[in-house]
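Here is a short report on one protein model. Keep the sequence and the 3D view side by side as you read.

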Amino acid sequence: MHRGGAFVLLTSPSNPASQFPVMNKKAGGSGMALGKFAGTSCVSRAGGHKELINLLAAFGLALALLLVFLPGRAIAQDYRFNSVVVEGNQRIQTGTIVNYTGIARGQTISGGALNDAYQRVLDSGLFESVDFEPRGNRLVIRVTEFPTINRISFEGNRRIGDEDLAGFIESTPRQVFSPSKAERDANTIAEAYSQQGRIASAVTPRIIRRSENRVDLIFEISEGDTVEVERVSFVGNRVFSDRRLRRVLDTKQATILRALVRNDTLVADRIEFDKQVLRDFYLSRGYVDFRTNSVNAELSRERDGFFVVFNVQEGQQFRFGQITTVSEVAEADADAFQSILKIRPGVVYSPSLVENSIARMERLAIRNSIDFLRVEPRITRNDRDLTLDVEFVLTRGPRIFVERIDIEGNTTTLDRVVRRQFRIVEGDPFNPREVRESAERIRALGFFGDASVEAREGSSANQVIVDVDVEEKPTGTLSLGGSYSVNDGFGVALGLRESNWLGRGQRLRLDYSGAEDAEQYGIGFSEPALLGRDVRFDFDIGYSEADSSFASYDTERLYFSTGLTFPVAENSKLQVRYSGERSEMLARDTPVHGTVIGSEIAQGARTSSSIGYTYTFDSRLSGLNPTAGVLVEVGQDFAGIGGDNEFIRTRAKVIGQRMVLNEEVTLRATFEAGALNWRNGFSRATDRFVLGPDIMRGFEPSGIGPRDTSGGNNDALGGNLYAVVSLEAEFPLGLPEELGLRGAVFYDVGSLWNLDNVNTTGGTIIGNDNSARHVIGVSLLWDSVLGPLRFNFSNAVRKEAFDQEQSFDFTISTTF
């Protein structure tokens, strides 16, 4: 283009066809690096050779001076093009490029408009370089297209596979190569390695030129070493020790078992999660002013580990003061709503207790047909006595309805499984708190790797649409392993479990376990929401054989049970069931039993058909006290509905637990008892109660209770009655929490007795009294990757001469 006799060219910084940017991305930072590839100099598109830059700078300065001294009419010159010619395009149509310019044929445009047209073509992201050259009434546009990606490969990666890395990046084969997208991909890959603690990883995208304007995109990866979290400490904590707070965090310290502990790397998202769980921990214990001032991560001098320090401010512990209720809704009686509250003055403050109270009030409003009622807690702080007065205000909320609930992302799980986690349906009044609780219930299913629930405005101002977006994750597990038990010896275990069978939220399990003296097969099925109700349906069937060294006979047992479990109150539930069983006591090839067992073996196979129930109360469900709880279980089975046996079997268990000494020590007391009332004929040893280490430690299975010594034998007969009290204290051992090791001391006292309705003719019976046995011991608890394990070392300080003592046992640890 000529302007006052001067030739004008609009051009982007030009890259030769063989030159592309080479990016180098390191974890924690990124940058564009100049370098060489395959013998070809690589420069950034925004740069160029130094000589070219100097030339353009000189040309620009001369042009600027020329324009300053040109007549004003030259500066204001306009342009009109009768034709536009595009050169260099191969894939992009000429018409498409002309459309980007926005210049119409014969249109008069200014110099600024021409520059804007040039910028639009350049910003399309389709071209490496763009040149605008006006030639009289013709505009010549020269372009160099970006190449297409022929293939993408990864080099140097061992920790993360190619398929996983390909899922992280945006670039794909047969797409146009984009340097900026390749740099983002390098960032993403480096971030994936950072999540594994490999912050020194480096990712460099390279290109190899192919024919027909194609390139191979290669990500060269230097994975680097893992940088561990060597130490996690706290500053500002006075009430709870570092050891107790580290148990709360998801970030763990590196230990000798780091191959089994994968949370000992520094991950920013995990640190943010730890800050939230720390706050939740303190708030649930009344420390309403708690905050995390800062989290500092300092790299060690050897640059192989981090020292993470949480700077916290605990504040004072607050308790509930006055609890009142006022109503601004005519049909809502404040006294009626006040009466259903569970929290009382003097209780340690917890936000969850306030939330539970609000939920309880809103449920009462629904039962009383009071729509759109909202409960607003107004809290008054009393710093003098460290209490918080809570006034629950009953107000009328906005009249907003749920238009619909949209569910996306559930490729396997059926919609109804997600919908039943909502207590609201389309057309119901909208309740934000209920939506939040529904989101928590969806996440608690364990079917989804991620789940979000959001509400947005619907088709009108008084309607909302609830959007549920989930991401499925595998829900089936196949386990194959070995086991060892002091009672049964070495064995093998095979299990198949599916917690979301056919996407219906149902649970299915297939189990097999075999040991030296026992085999067991089992099939179980569970429907957690029968007919869409809060009722769980269970079905179990199994078969077992046992040739135990702790008995003088073998057993075969085939059993079947089915039942329904449903809530009866906020903290309690009830299970009703039907059970059927066929069992047989078998003599061994070389009989080693006494008279009583011989008479019971002679009865052959017997069947039982019974109905029963179990009532469970768990105070922890209400969340009133995060450091203490009580569990009560009471159940009975009534046999005689068909079958050979007729009896009433009763069991009861009560467990109380409290954490003391700033939650460093856990105290636990357990009482367990049972009674068998046999109604017809004689019972057998397999029908009566026997005590094993899972109920009373210090003795072999069937190690205490009545025995038959006739014929020089020592047969355990079991008993119709038993009672055991167990006292235990768990405490830290001073070892790193990441090892999962804790210690315990325990004291068990109990007895097994009563042989009513037992054919003892010809037998020599001993131990048929309720004399108590006393056992003390210590335990080592290990929360291993194989599961919670427990090693008990015990000593029976009071026992009978005929009892079978067991000073060590190794079991799966159970938690309360």
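Which residues does Arg 231 touch, not counting residues up to four places away in sequence? They are Arg 246, Gln 253, Phe 306, Phe 307 and Val 308. Keep in mind that this is a predicted model.

## Arg 231 and its surroundings

Find strand β16, residues 228-235. Arg 231 lies in this strand. Its relative accessibility is 38%, so Arg 231 counts as partly exposed.

Now look along the chain to Gly 305. It is 74 residues from Arg 231 in sequence. In space, the two C-alpha atoms are 8.5 Å apart. The contacts of Arg 231 with Phe 306, Phe 307 and Val 308 involve that part of the sequence too.

## Two nonpolar cores

In soluble globular proteins, nonpolar side chains tend to be buried together. In this model, the largest nonpolar core has 25 residues. Five of its residues touch the most other members: Phe 320, Phe 337, Met 361, Leu 373 and Phe 392. Four elements give two or more residues to this core: β19 (319-327), α10 (351-367), β20 (373-382) and β21 (387-396). The largest share comes from α10, which gives six residues.

Another core lies apart from this one. It has 20 residues, including Val 418, Val 435, Phe 448 and Val 453.

## A buried strand residue

Is Ile 465 buried or exposed? It counts as buried, because its relative accessibility is 3% and the cut-off for buried is under 20%. Ile 465 sits in strand β24, residues 463-472.

Which residues surround it? Leaving out residues up to four places away in sequence, Ile 465 touches Glu 403, Arg 404, Asp 406, Glu 454, Ala 455, Arg 456, Glu 457 and Gly 458. Take Glu 454 from that list. It is eleven residues from Ile 465 along the chain, and their C-alpha atoms are separated by 8.4 Å.

## Three strands in a row of pairings

Next, find strands β30 (residues 554-569) and β31 (residues 572-586). They run antiparallel and are joined by 15 bridges. Together they form a hairpin, with two residues between them. Gly 563 stands opposite Arg 577 in β31.

β31 also pairs with strand β32, residues 606-618. This pairing is antiparallel too, over twelve bridges. Here, Lys 573 has Thr 616 in β32 as its bridge partner.

## A side-chain contact

Gln 657 is found in strand β34, residues 647-660. It counts as buried, with 18% relative accessibility. Which residue does its side chain join in a polar contact of 3.0 Å? The partner is the side chain of Arg 668.

## Positive phi in two loops

Two residues other than glycine have a positive phi. Leu 386 has a phi near 55°. It is in the loop between β20 and β21. Leu 386 is partly exposed, with a relative accessible area of 26%. The strands on both sides of this loop, β20 and β21, also give residues to the largest nonpolar core.

The other residue is Asn 754, with a phi of about 85°. Its loop runs between β39 (741-753) and β40 (765-766). Asn 754 is buried, because its relative accessible area is 17% and buried means under 20%.

Terms used. Residues numbered from 1 in each chain as written. Predicted model: local features only at pLDDT ≥ 70, side-chain atom pairs only at ≥ 80, totals over all residues. Heavy atoms only, no water. Core = buried A, V, L, I, M, F, W, Y, C linked by side-chain atoms within 4.5 Å. Buried < 20%, exposed > 50% of the residue type's maximum accessible area, 1.4 Å probe, protein only. Contact = heavy atoms within 4.5 Å. Pairing = 2+ DSSP bridges. Polar contact = N/O pair within 3.5 Å; in protein donor to acceptor, adjacent residues only side chain to side chain.
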